[in-house]
Amino acid sequence: MDSPAFDLAFEPAYGRAVPVAPSVERITAENPGPFTFFGTNSYIVGSSSVAVIDPGPEDEAHYQALMAALSGRAVTHIFVSHTHRDHSPLSRRLQAATGAVTVGQGPHRPARPLRDGEINPFSESSDISFVPDIALSDGETISGDGWALSAVLTPGHTANHAAFALEGRDILLSGDHVMAWSTSIVAPPDGSMADYMTSLERLIEREDRLLLPGHGGPVTEPSTFLQALKAHRLKREQAVLARIQAGDGRIAEMVKVIYRDTDPKLHGAAALSVLAHIEDLVERGMIAADEPPSLAALYRPATPN
């Protein structure tokens with residue numbers, strides 16, 4: 001299956017602030033993994049008075065690196081793109097040390113309610129204690145000394161995901177919604193594929209010139225990359241439909257075929273991605289099941305009206 005031109009070349013430069021655009025620095029936390037790549041990127045925007053975007057996990061070395069980079073500068077705002085534990089927890093220590101105001105879309109919540117007997121597989125990855133001092137609505141702008149960041153609400157990866165547009169610069173801090181190194185995980189009930197695709201279309205319409213993601217390096221040609229990412233998701237949707245039409249009624253069967261070239265250790269996450277597509281396809285009347293969509297449900301092609 002064709003994929004966007006993912007860029008795996010990245011130097012994390014742990015413990016050091018790296019300039020990535022005028023008045024924008026990146027510090028990468030040393031929390032590498034299959035879903036975080038080399039680690040979580042925190043960004044500092046501004047000069048003498050700054051904002052921090054995605055302070056990251058509760059990690060002592062990363063906290064010290066941030067504080068060293070911020071030395072001599074006032075921190076007025078701490079922005080959080082979403083409430084996964086690799087992005088938001090360090091906001092508490094950073095706020096206590098700097099007195100900055102926290103900013104985000106809102107507290108953690110699922111994209112839909114849990115169904116009877118359903119367990120949220122990412123519950124331990126969610127920072128349910130984070131509540132922003134300022135809950136941003138779509139398009140709302142927070143200004144500082146020489147910078148202004150506007151909320152571009154991008155639900156999908158999580159229900160409360162937000163990207164932040166650096167006004168006047170055509171730069172978008174895209175969190176985990178769009179990353180150069182990989183597709184974003186969309187896993188129900190926290191995530192929603194329908195929401196993700198709508199959010200992706202919003203970014204395609206924006207025409208930013210640079211995306212700075214929560215993991216890995218920048219997306220330097222957003223228009224081309226976003227269109228390829230959309231095509232990739234639509235091809236994955238078609239692959240799910242094809243497997244159901246071929247008689248694969250269970251998600252586990254579909255994963256074995258669709259993700260046959262993927263490390264089996266990641267098949268659990270892949271199954272959740274397939275579920276996200278299936279929820280969307282059921283809602284659109286393209287496939288059917290005798291029970292609400294779940295990892296264990298049996299699926300079939302929808303009967304034409």
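Among contacts in the chain of this predicted model that link residues at least 6 apart in sequence, 63% bring together residues at least 24 apart. The secondary structure that goes with this comes to 6 helices and 14 strands. Of the 305 residues, 54% count as buried. As for overall dimensions, the C-alpha atoms fill a box of roughly 65 × 40 × 35 Å along the principal axes. The radius of gyration is 20 Å, which agrees with the value near 19 Å that a compact globule of 305 residues would have.

Turning to the surface, the accessible area of the chain comes to about 13200 Å², and carbon and sulfur atoms account for 52% of that. On the charge side, there are 24 positive and 38 negative charges, and the mean positions of the two sets sit 4 Å apart.

Helix α5 is a handy place to look at packing. This helix spans residues 251-258, and its buried residues are Ile251, Met254, Val255 and Ile258. Looking down the axis of α5, these buried residues fall within an arc of 100 degrees, so they line one face of the helix. The cover over them includes helix α4 (222-245), helix α6 (267-283) and strand β14 (299-301).

Another helix, α2, covers residues 91-98, and serine 91 belongs to it. Serine 91 is buried, with a relative accessible area of just 1%; under 20% is what it takes to be called buried. Setting aside neighbours within four places in sequence, serine 91 is in contact with Pro55, Ile78, Val80 and Phe130.

Phe130 turns up again around proline 107, which sits in the loop between β6 and β7. Beyond four places in sequence, the contacts of proline 107 are Phe130, Val131, Pro132 and Asn160. Proline 107 is partly exposed, at 38% relative accessible area. The C-alpha atoms of proline 107 and threonine 83 are 7.2 Å apart, with their positions 24 residues apart along the chain.

Proline 132 is found in that loop too, between β6 (101-104) and β7 (134-135). Here the relative accessible area is 9%, so proline 132 counts as buried. Its touching partners, again leaving out residues up to four places away, are Thr102, Val103, Gly104, Gly106 and Pro107. Proline 107 and proline 132 therefore appear in each other's contact lists, since contact means heavy atoms within 4.5 Å. A look further afield pairs proline 132 with aspartate 176: the two are 44 residues apart in sequence, and their C-alpha atoms are 18 Å apart in space.

Over in strand β9 (residues 147-153) sits leucine 153. Leucine 153 is buried, with a relative accessible area of 18%, and the cut-off for that label is 20%. Apart from residues up to four places away in sequence, leucine 153 touches Gln105, Leu136, Ser137, Asp138, His161, Ala162, Ser199 and Arg202. One of these, aspartate 138, is 15 residues away in sequence, with a C-alpha to C-alpha distance of 5.5 Å.

A few spots in the backbone also deserve a word. Most residues other than glycine have a negative phi, and most peptide bonds are trans. Against that background, aspartate 54 has a positive phi of about 55 degrees, although it is not a glycine. Aspartate 54 lies in the loop between β4 (49-53) and α1 (60-70). Its relative accessibility is 3%, so aspartate 54 counts as buried.

Aspartate 170 likewise shows a positive phi of about 55 degrees without being a glycine. Its place is the loop between β10 (162-166) and β11. At 45% relative accessibility, aspartate 170 counts as partly exposed.

The peptide bond between proline 188 and proline 189 is cis, with omega at about 5 degrees. As for where this falls in the chain, proline 189 lies in the loop that runs between β11 (171-175) and α3 (193-206).

Technical notes. Residues are numbered from 1 along each chain as its sequence is written. This is a predicted model: local features need pLDDT of at least 70, side-chain atom pairs count only at pLDDT 80 or more; totals for chains, interfaces and linings use all residues. Side-chain values use heavy atoms; hydrogens and water are left out. Buried means under 20% relative accessible area, exposed over 50%, partly exposed in between (1.4 Å probe, protein chains only). Helices (H or I, at least four residues) and strands (E, at least two) are DSSP runs, numbered from the N terminus. The arc is that of the directions from the helix axis to the C-beta atoms. The radius of gyration is taken over C-alpha atoms; the globule rule is 2.2 Å times the number of residues to the power 0.38. Accessible areas come from the Shrake-Rupley method with a 1.4 Å probe; for residues, only the protein chains shown count as cover. Lys and Arg count as positive and Asp and Glu as negative; His and the chain ends are not counted. The place of a charge is taken as NZ of Lys, CZ of Arg, CG of Asp or CD of Glu.
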